[in-house]
Amino acid sequence: MNNTRPGSLTIGGLAPRILTVYAHPDDESFGPAAVLAKYARRGAVIHGVFATLGERGEPLDGLDFTSEQLAQVRESDLRDAAAAIGYAGLEVLGYADGALADLTDGQLEALVLAAIQRYMPDVVITFGPGGITRHPDHLAISQATTAAVEHALRSGAPPMELYYDAVRPQRAEAFGIADLPDGQPNTWIDVSDTVDIKLEALRCHARHIKDAQQRLEQLEREPETVATLYRAWPEVAPGLRLTGLLTEDRDETKGRRPTSF
């Protein structure tokens, strides 16, 4: 009997595995939440690694939290958002918010590599080299995750795709990242069926965090039914626009390796 749901995905007969690696609660909802929800509903198994609890975030006006209290509510908000998106599991490392760049050299990379070895993802999604906003924690996560994927592939891990969060050119100019992969998306995915789930996830964070509320209000006014990413590995041929994860698009670059890997 075939129990595969219509529209579901498999790789070698198994559900595809996606790993997201981020610095703070809400990074997943600002970023690829609608894409993740789309693939979760097609059978993908999604795990997330979050390095901090975001205790230095800016709460809504009128909310008076200690850093410990803010960390607690942000973890709760993260778990609610992840449930809405369709995550199978989360790991929260609990490092100090704003201090990831101060960790011992290679420490964060080793933790990400260990997660890759545990979950054996087909897809890894993280920040690009500009971290969208150039937040130092975002930059540290990007560098560590890229290095961990490189290490895993060189060590004989099964093939995986590496994607960076990326924004459209106008926002990239505003963030000062137009010259970086973060501002040059090569993957445009129709998320019209799951854009409401992204808003639901953002609402979880907007219960307490000001910039999440602001982003939620912006997207409620101007919904984005196409999500953008940058596929860093395998390389994408110049001018090629991908329309999904784990599709025949991978064949466009089969056998090519970027010089940094």
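Is Tyr22 buried or exposed? I looked this up before anything else, and at 0% relative accessibility Tyr22 counts as buried. I note at the outset that I am working with a predicted model.

**Confidence.** I checked how far the coordinates can be trusted before going on. The protein chain has an average pLDDT of 92, and 92% of the residues score at least 70. I marked residues 248-261, over which pLDDT stays under 50, although the model has 30 contacts beyond four places in sequence for this stretch. Where pLDDT is low, the predicted coordinates should not be read in detail, and I left those contacts without further reading.

**The sheet.** I then traced the strands and found an open sheet of seven, in the order β3-β2-β1-β4-β5-β7-β6, with mixed pairing. The edges are formed by β3 (89-95) and β6 (187-190), each of which pairs on one side only. Averaged over the sheet and with direction ignored, neighbouring strands are turned by 25 degrees against each other.

I went through some of the pairings one by one, starting from the β3 edge. Five bridges join β2 and β3 in the parallel sense, and here I found Val49 opposite Glu91 in β3. Towards the other edge, β5 and β7 pair in the antiparallel sense over four bridges, where Leu162 has Trp233 in β7 as its bridge partner. β6 and β7 also run antiparallel and are joined by four bridges, with Trp188 standing opposite Thr228 in β7. I looked at how well β7 is covered, and six of its eight residues are buried.

**A helix across the strands.** I followed helix α6 (residues 136-154) next, and it lies across β1, β2, β4 (123-126), β5 and β7. Relative to β4, helix α6 runs at about 160 degrees.

**Aromatic pairs.** I searched for ring pairs and the structure holds three of them. Tyr22 and Phe50 form a tilted pair, 6.4 Å centre to centre with 40 degrees between the planes. This pair links distant parts of the chain, since Tyr22 belongs to strand β1 (residues 17-22) and Phe50 to strand β2 (residues 45-52), 28 residues apart. Having begun with Tyr22, I checked its partner too: Phe50 counts as buried because its relative accessibility is 0%.

Which arrangement do the rings of Tyr164 and Tyr230 have, and why? Their centres lie 6.3 Å apart and their planes are at 10 degrees, so the pair is stacked; the cut-off I applied is that planes under 30 degrees apart count as stacked. Here again distant parts of the chain are linked, with Tyr164 in strand β5 (residues 161-165) and Tyr230 in strand β7 (residues 226-233), 66 residues apart. On accessibility, Tyr164 is buried at a relative accessible area of 8%, whereas Tyr230 is partly exposed at 23%.

I also asked which residues the ring pairs link into a cluster, and found Tyr22, Phe50 and Phe127.

**A charge over a ring.** My last search was for charged groups over aromatic rings, and I noted that the charged end of Arg241 sits over the ring of Trp188, 4.1 Å from its centre. I had already met Trp188 in the sheet, opposite Thr228 in β7.

How values were computed: Residues numbered from 1 in each chain as written. Predicted model: local features only at pLDDT ≥ 70, side-chain atom pairs only at ≥ 80, totals over all residues. Heavy atoms only, no water. Phe/Tyr/Trp six-rings, centres within 6.5 Å; stacked < 30°, edge-to-face > 60°. Helix = DSSP H or I, 4+ residues; strand = E, 2+ residues; numbered from the N terminus. Buried < 20%, exposed > 50% of the residue type's maximum accessible area, 1.4 Å probe, protein only. Lys NZ or Arg CZ within 6 Å of the ring centre and 35° of its normal. Pairing = 2+ DSSP bridges. Axes fitted to C-alpha atoms, helices over the stretch in contact; angles between N-to-C directions. Contact = heavy atoms within 4.5 Å. pLDDT = per-residue confidence, 0-100.
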